[in-house]
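Hi everyone, thanks for coming. Let's take a look at this one together, and then I'll walk you through a few things.

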Amino acid sequence: MLETTNEVLDTAAANEIVISRVFSAPRAMVWGALADPWQVGQWWGPKGFTTTILEMDLRVGGKWRLIMHGPDGANYPNEMTFTEVVPFERIGLELTGCREGAPLIHFHQSMTFTDEEGGTRFTVRITFATAEERDQNVRDFGSVEGGNQMMERLNEHLHERSAHPIEKLAGKAAAHELRITRTFNAPRELVWRAWTDPALAKQWSGPKQWPAFHMELGKKPGDRWRIGMRGLAPGTDTPVEIWQGGVLREFVPPERLVYTYAWENRANVGLPDDGDPHETVITVRLEEHDGKTIMHFHQAFFATAAERDGHNGGWNSSFERLEDLVNTQAAKEAQ
């Protein structure tokens, strides 16, 4: 087990709860455990809880929606809005949530990541409107003990993930990752088909202004894939075709899809063309939840933050088209 220290800091104000722990793991690894929607769902919450991540858009103004499921069967829906996101350093958010049927609780939460001898200090600071609200939360929900239990679960998770090469990556490049989580009101098998059936994938692939006109998809690791899209060259009225492609690495129906991704001509999409294809790797995980599908999308690593952010806009536009498609298809198949 990773060696850690755990403490409730006495620097907290009367209306705050502050819990801090040092993990013997690189800061990039600790950051990834929180920033990756799939990972955070493995350890978030006190001992005995499980957590379903419904949505996680890690940017200022982005939403984070989850449901914690208690060992007694009670559900605790939480809805958060990110107010600050500085990769590898800090996250701020406003939270509204509570046990189902109970009055809602509101508070601000900050999380910081700092280097410390032996590893990374991860500090959570929860700020209530008043000291009375803070004390009631501790009394009614055991939030201090629950926070310490969650830190222990994170410690166990980091230990399990320490052998995974992507979490060992440290440095500036690791900041240029894209993570998107969306929930679709459709069965997982349908969402999987929308990703892997060329006829369906062609209907949603590409942003709204760059719809796909050509689609080749593989069915096993080692197969190549290729998509062509049409639109206007950035900043002009000139029609242009853009192509992207790569190789399948994993194909596990209906759960997991992993493939490499690169533009055939970066200049056509307004990116620097230095002869390096700047290949990234995309991982798509699909989870079932109450008849719906939670999609965890991860793409890494981009050459720059600007390139990552540009792809963020393009993928979210595509996923809006995917949502429309699976909703329509689900309605047809239900008839």
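Quick bit of vocabulary before we start: an axis here is a line fitted to C-alpha atoms, for helices over the stretch in contact, and angles run from 0 to 180 degrees between N-to-C directions. Helices (H or I, at least four residues) are DSSP runs, numbered from the N terminus.

This is a predicted model, so local features need pLDDT of at least 70 and side-chain atom pairs count only at pLDDT 80 or more, while totals for chains, interfaces and linings use all residues. Residues are numbered from 1 along each chain as its sequence is written, and side-chain values use heavy atoms, with hydrogens and water left out.

How confident is the predictor? On pLDDT, its confidence in each residue from 0 to 100, the chain averages 87, and 91% of the residues score at least 70. Residues 1-10 stay under 50, and so do residues 165-174. Where pLDDT is low, the predicted coordinates should not be read in detail.

Now the helices. H6 (residues 188-196) packs with H8 (residues 305-334) at about 125°, their axes 10 Å apart. That angle makes H6 oblique to H8 (neither under 35 degrees, nor over 145, nor 65 to 115). On the H6 side, the contact (heavy atoms within 4.5 Å) includes Leu190 and Trp195, and on the H8 side Trp315 and Phe319 are among the residues.

Phe319 turns up again in an aromatic pair (ring centres within 6.5 Å). Its partner is Trp204, with centres 6.2 Å apart and planes at 40°, so the pair is tilted (neither under 30 degrees, stacked, nor over 60, edge-to-face). Trp204 sits in helix H7 (residues 198-204), 115 residues from Phe319.

Terms used
pLDDT = per-residue confidence, 0-100. Helix = DSSP H or I, 4+ residues; strand = E, 2+ residues; numbered from the N terminus. Phe/Tyr/Trp six-rings, centres within 6.5 Å; stacked < 30°, edge-to-face > 60°.
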